[in-house]
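Student: I'd like to take a close look at one spot in this model and see what surrounds it. Could you take me from a single residue out to its neighbourhood?

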Amino acid sequence: MEKRPERNEYDPFFARYIDLVPNGNIADILEKQIADTTNRLNDISEQQGVYKYANDKWTVKEVIGHLTDGERLLGQILFQIARGEEVDFQGVNWSIYIQLGDFNNQSMQMLIDQYRAVRSSTVALLRSFNEEAWGRKGTAIQSDITVRALAWILAGHELHHRNILEKFYFSTTDFQG
């Protein structure tokens with residue numbers, strides 16, 4: 001699926017994610033992100049994994065957990081809409097997900113493996129869709145959204161958080177020790 005979602009396929013809030021994604025086949029882009037993200041995270045030590053640049057921010061491990069939880073959640077919504085189910089997703093409290101996910105007590109390798117498995121599952125699902133499935137609409141966070149837009153949001157959401165990791169975590173002297 002190479003067609004970018006049109007602005008009427010999602011709430012304007014999600015443009016901040018979709019606009020980060022380059023043109024191309026979205027399943028290929030999502031699959032390439034697996035390698036790009038895991039390659040960047042593979043060299044992060046356990047100590048670096050619990051680094052956060054401010055008291056009210058997430059650790060590196062929590063960001064990875066958030067990416068995986070977000071993929072699980074949006075992937076489920078994407079799946080339900082693609083299968084024609086009426087969905088009316090209202091949102092989640094990410095602070096609770098982070099707290100109860102207990103990501104800082106999981107190894108970097110476990111978090112990376114979970115991310116890789118969940119993303120691979122999403123890519124396999126997307127590759128199975130016909131043209132009709134891509135255009136199906138549901139409701140998420142009080143706005144209409146298509147399967148196509150959800151796939152692009154997943155890619156952009158990851159890019160958004162990778163950009164934050166690069167800017168506020170990986171490039172700081174505190175992170176590098």
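Student: In which helix does Leu-154 lie, and what does its side of the structure look like?

Tutor: Happy to. First, a word on what we are looking at: this is a predicted model, in which local features need pLDDT of at least 70 and side-chain atom pairs count only at pLDDT 80 or more, while totals for chains, interfaces and linings use all residues. Numbering starts from 1 along each chain as its sequence is written, and side-chain values use heavy atoms, with hydrogens and water left out.

Leu-154 lies in helix α8, which covers residues 147–170. Helices here are DSSP runs (H or I, at least four residues), numbered from the N terminus. With a relative accessibility of 3%, Leu-154 counts as buried; that word stands for under 20% relative accessible area, computed with a 1.4 Å probe on protein chains only.

Now for its company. Setting aside residues up to four places away in sequence, Leu-154 touches Leu-30, Gly-70, Glu-71, Leu-74, Leu-78, Arg-119 and Thr-122, where contact means heavy atoms within 4.5 Å. One of these partners, Leu-74, is 80 residues away in sequence, yet its C-alpha is 7.4 Å from that of Leu-154.

Two of the neighbouring helices deserve a stop. α4 (60–82) has 23 residues and reaches 32 Å from its first C-alpha to its last, close to the 33 Å expected at 1.5 Å a residue; the expected span is 1.5 Å times one less than the number of residues. Of those 23 residues, 20 are buried, so α4 is largely enclosed by the rest of the structure. Just after α4 comes Gly-84, with a positive phi of about 85 degrees.

The other is α6. Its buried residues are Met-108, Leu-111, Ile-112, Tyr-115, Val-118, Arg-119, Thr-122, Val-123, Leu-125 and Leu-126. Seen down the axis of α6, they fall within an arc of 160 degrees, so they line one face of the helix; the arc is taken over the directions from the helix axis to the C-beta atoms. You will recognise Arg-119 and Thr-122 from the contacts of Leu-154, and α8 is indeed among the elements that cover the buried residues of α6, along with α2 (26–41), α3 (46–49), α4 and α7 (131–135). As for length, the 20 residues of α6 (108–127) should span 28 Å, and the end C-alpha atoms are 29 Å apart, which agrees.

Back on α8, let's move along to His-157, which has its place in this helix too. His-157 counts as buried at 9% relative accessibility. Beyond its neighbours within four places in sequence, it is in contact with Tyr-17, His-66 and Leu-67.

That brings us to the largest pocket. A pocket here is an open set of points on a 1 Å grid over the protein atoms alone, where a 1.4 Å probe fits, with protein on both sides within 12 Å along at least five of seven lines; lining residues have an atom within 4 Å of a point. The largest pocket has 20 lining residues, and those nearest its centre are Phe-13, Tyr-17, His-66, Trp-94 and His-157. Helices α1 (15–18), α4 and α8 each supply at least two residues of this lining. So α8 offers both Leu-154, buried, and His-157, beside the centre of the pocket.

How values were computed. Buried means under 20% relative accessible area, exposed over 50%, partly exposed in between (1.4 Å probe, protein chains only).
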